[in-house]
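Trainee: Please take a close look at one part of this model, starting from a single residue and working outward to its surroundings. I would like the cut-offs behind each term as you go.

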Amino acid sequence: GFISAQTSFYTFLPIYLREDLGYSSLATSGFLSIAQVSGIISQPVMGFLSDRYSRKAVILPSMIMLGITIFAIPFTTNINTLLTTMMLMGAFNFPLMAIILAAALDISDDDVPATVVSLVFGATVVFSSLAPGIAGVLADTTNIKAAFYMSSGISFATAGFALFSRMQRSIIQSVE
């Protein structure tokens, strides 16, 4: 789910920044880089929190924050607000795959970790491959902001799925 949101969002973000907001290629790449850097910084923290408390305790708020920040992008009008939104989005977006993989490994048998990882990645590629095309149709028939709203909606729907999914408590917490 969140990969569908991510691929749609990142397909249309550079177009939006260049064509709708008029940023240069350098500024556009700077916005994308700031999201990456904040994700690099937050990933070990989010991983620690998911180990300490639970996968769901990190995945659920991260998906909600991802949805909020993606939804907010079309409403950000100045550079400082856009930078802050991009930093927050990256901080919650990039750690998600590692934590989702950890959650999948938590509920799988110990003798099939590579199979589980490959199935999770395979499923995300299959399902996320359609999302940018659908977002493109929405953008062409309405406006580019519809791609962000769709991505945000996917993120919120994934949060709803995470809310009701079966995720084990972390290993550290279950030992204490």
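Mentor: At 26% relative accessibility, M65 counts as partly exposed, where buried means under 20% relative accessible area, exposed over 50%, and partly exposed in between, with a 1.4 Å probe and protein chains only. This is a predicted model, in which local features need pLDDT of at least 70 and side-chain atom pairs count only at pLDDT 80 or more, while totals for chains, interfaces and linings use all residues. Residues are numbered from 1 along each chain as its sequence is written, and side-chain values use heavy atoms, with hydrogens and water left out.

M65 lies in helix α3; helices (H or I, at least four residues) and strands (E, at least two) are DSSP runs, numbered from the N terminus. The C-alpha atoms of M65 and A159 are separated by 9.6 Å, although their positions lie 94 residues apart along the chain as the sequence separation is counted.

Helix α3 also holds R55, which is joined to D106 in helix α5, 51 residues apart, by a salt bridge (2.8 Å, N to O) between their side chains. The term salt bridge stands for a side-chain nitrogen of Lys or Arg within 4 Å of a carboxyl oxygen of Asp or Glu. The side chain of R55 also meets that of D51 in a salt bridge (2.7 Å, N to O). Through these shared partners, D51, R55 and D106 form one network, and the structure holds 2 salt bridges. As for their surroundings, R55 counts as buried at 5% relative accessibility and D106 is buried with a relative accessible area of 15%, whereas D51 is partly exposed at 32%.

The loop between α2 and α3 is the place of Y53, which counts as partly exposed at 45% relative accessibility. Together with V45, F48 and L49, Y53 makes a nonpolar surface patch of about 380 Å². Patches are made of residues with over 30% relative accessible area and no salt bridge, like charges being joined within 9 Å and nonpolar side chains (Val, Leu, Ile, Met, Phe, Trp, Tyr) within 5 Å; the areas come from the Shrake-Rupley method with a 1.4 Å probe, and for residues only the protein chains shown count as cover.

Turning to the interior, the largest nonpolar core has 39 residues, and F9, I73 and M86 have the most contacts inside it. Such a core is a set of buried Ala, Val, Leu, Ile, Met, Phe, Trp, Tyr and Cys residues joined through side-chain atoms within 4.5 Å. Helix α3 is among the elements that give two or more residues to this core, as are α2 and α4, and α1 gives the most, with 7 residues. Not counting residues up to four places away in sequence, I73 touches F9, L13, Y16, L82, T85, M86 and F148, contact here meaning heavy atoms within 4.5 Å.

Helix α4 also holds A91, which counts as buried at 16% relative accessibility. With residues up to four places away in sequence left out, A91 touches A35, S38, G39, S42 and M46. By contrast, A91 and L105 are 14 residues apart in sequence and 23 Å apart in space, C-alpha to C-alpha.
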